[in-house]
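Take a look at the structure below. The paragraphs after it go through its metal sites, its nonpolar cores and its aromatic pairs.

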Amino acid sequence: MPANATGSLALMHSDRLERVRRALRDQDIDVCLLSVGPDLPWLIGYEAMPLERLTMLVVPRDARATLVVPRLEVPRVVHDPDLFDLRGWGETEDPVAIVAALVGPARRAAIGNRTWAQFLVDLQHHLPSVAFVNASRVIGPLRAVKEPAELAMLRRAAAAVDRIAAELQAGAIPLIGRTEAEVSAELGRRILAEGHHRVNFAIVAAGENAASPHHEPGARVIGPDEVVLCDFGGTMRTDTGVGYCSDITRCVVTGAPDPEMLEVYAVLEEAQRAAVAAGAVGTRCEAVDDAARSIIAAAGYGEWFMHRTGHGIGVEEHEDPYIVAGNSHRLEVGNVYSVEPGIYLPGRFGFRLEDIVATTAEGPEPLNRADHGLVAVDV
Ligand code: ZN
Ligand code: ZN
């Protein structure tokens, strides 16, 4: 990596650390503790190994941060001493006691919401007077506002799955005669070939299975004249030490869609378009949800749209802001979220249509551009 890139990376991480400290002060929290999960790599570019040995970054609001890490994993850490101190712990030491000493006389501590209960329970024993709160209240709002470089990565990841969706719609991915699981595996291979380092999911649901929103692709063989719902995405790693996610849903029909399918799909497409268009700066998340839901309900399918309209996306596939009734958060520049209404007719078929959308000062910017239609394929 060129020196200036390293410099801008350090600047980015020190800026994020400063914003976390500011949020801690604003919320009267003394210290933030991060372990496994995406908060830690987002903050300093280091991802904790998800093992039984504790890795934990201790960020006091008014003092230097310290990364407590198993000594055998110290060589994995790209250590920038300007950002944090490094404390490797040996096999006979108690890492929880080390963290507790660094926390000191704190009253309130924010702890990463992906931290294992095992570590939190041990910390509570060591720090009986500390009240623990979820760090998502500190870091969630920061992560929800993407920096320009993050937005660029999300665009890149979206373009990658768009190319796969276009291949699906062009009939380049055989469907008829294959099982859902086989097609899912092919989508997974393509997700990696398109530059992601990890496959997060590749739902393939045929016929009546498409009416189950989180269907697990299985041994069902795809036949002719069926709906095939494909919802897939992965994580694409950047040189910042953290990855950004893609997530797209498109439906195709193997052969000729019947008139009822076309009618239902037209409602869904209109609802999705309305919800995307509703995402101006200052709009409440619940209003974006309602833009889709009211159209589906007016067409008589309200009962069959049983999930929220969308979720934020970034270093995690699901994060703030959630596009759901009751969420009064107002969209701000830098929010990135999915718009994915669905209509699911039990025992028959179902549809979902999903794009990732970024909130910009000029209006909502859909990051996915693959054809929105119910494309008929003959493969
Ligand atoms: Zn999806
Ligand atoms: Zn999604």
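E354 has a relative accessible area of 0% and is therefore buried. In this predicted model, E354 is one of the residues that coordinate the zinc ion (ligand 1). The other donor residues there are D231, which supplies two OD entries, and D247, with the donor atoms lying at 2.0 to 2.6 Å. D231 also counts as buried, because its relative accessibility is 5% and the limit for buried is under 20%.

How are the donor residues of the zinc ion (ligand 1) spaced in sequence? They follow the pattern D-x15-D-x106-E. D231 belongs to strand β8 (residues 227–237), while E354 sits in the loop between β15 (349–352) and β16 (355–360), so this pair ties together parts of the chain that are 123 residues apart in sequence. The angles among the 4 donor atoms run from 55 to 150°, and the site is irregular.

A second metal, the zinc ion (ligand 2), lies 3.1 Å from the zinc ion (ligand 1), and D247 coordinates both. Which residues coordinate the zinc ion (ligand 2)? They are D247 (OD), H311 (NE2), E340 (OE) and E354 (OE), at 2.0 to 2.2 Å. Along the chain these donors are spaced D-x63-H-x28-E-x13-E. E340 lies in the loop between β13 (336–339) and β14 (342–345) and E354 in the loop between β15 and β16, so the two connect parts that are 14 residues apart in sequence. Both of these glutamates, E340 and E354, are buried.

Why is the arrangement around the zinc ion (ligand 2) irregular? Its 4 donor atoms subtend angles of 82 to 163°, whereas four donors count as tetrahedral only if all angles lie between 85 and 135 degrees. For comparison, the ideal angle for four tetrahedral donors at a metal is 109.5 degrees.

The next topic is the packing of nonpolar side chains. The largest nonpolar core has 44 residues, and those touching the most other members are V20, C32, L43, I44 and L57. Helix α6 (residues 148–169) gives the most to this core, contributing 6 residues. The core takes at least three residues from domain 1 (3–142) and at least three from domain 2 (145–376). C32 shows what such contacts look like: leaving aside residues up to four places away in sequence, C32 touches V20, L24, L57, V58, V59, A110, A135 and I139. There is also a second, separate core of 34 residues, and V264, I323, V339 and F351 are among them.

Aromatic rings come last. How many aromatic pairs does a search of the whole structure find? It finds 3. One of them joins W116 and F119, which are stacked, with 5.9 Å centre to centre and 10° between the planes. W116 counts as partly exposed because its relative accessibility is 29%, whereas F119, with a relative accessible area of 6%, is buried.

F349 and F351 form another aromatic pair, and this one is tilted: the centres are 5.3 Å apart and the planes are at 55°. Both F349 and F351 are buried. Ring pairs also bring in Y265, giving a cluster of Y265, F349 and F351. F351 thus appears in two places, since F351 is included in the second core and is a member of this ring cluster.

How values were computed. Residues numbered from 1 in each chain as written. Chains lettered and ligands numbered in written order. Predicted model: local features only at pLDDT ≥ 70, side-chain atom pairs only at ≥ 80, totals over all residues. Heavy atoms only, no water. Core = buried A, V, L, I, M, F, W, Y, C linked by side-chain atoms within 4.5 Å. Buried < 20%, exposed > 50% of the residue type's maximum accessible area, 1.4 Å probe, protein only. Helix = DSSP H or I, 4+ residues; strand = E, 2+ residues; numbered from the N terminus. Domains from an automatic or database assignment. Contact = heavy atoms within 4.5 Å. Donors = N, O, S within 2.8 Å, 3.2 Å for Na, K, Ca; no water. Tetrahedral: all angles 85-135°; square planar, octahedral: opposite > 155°, others 65-115°. Phe/Tyr/Trp six-rings, centres within 6.5 Å; stacked < 30°, edge-to-face > 60°.
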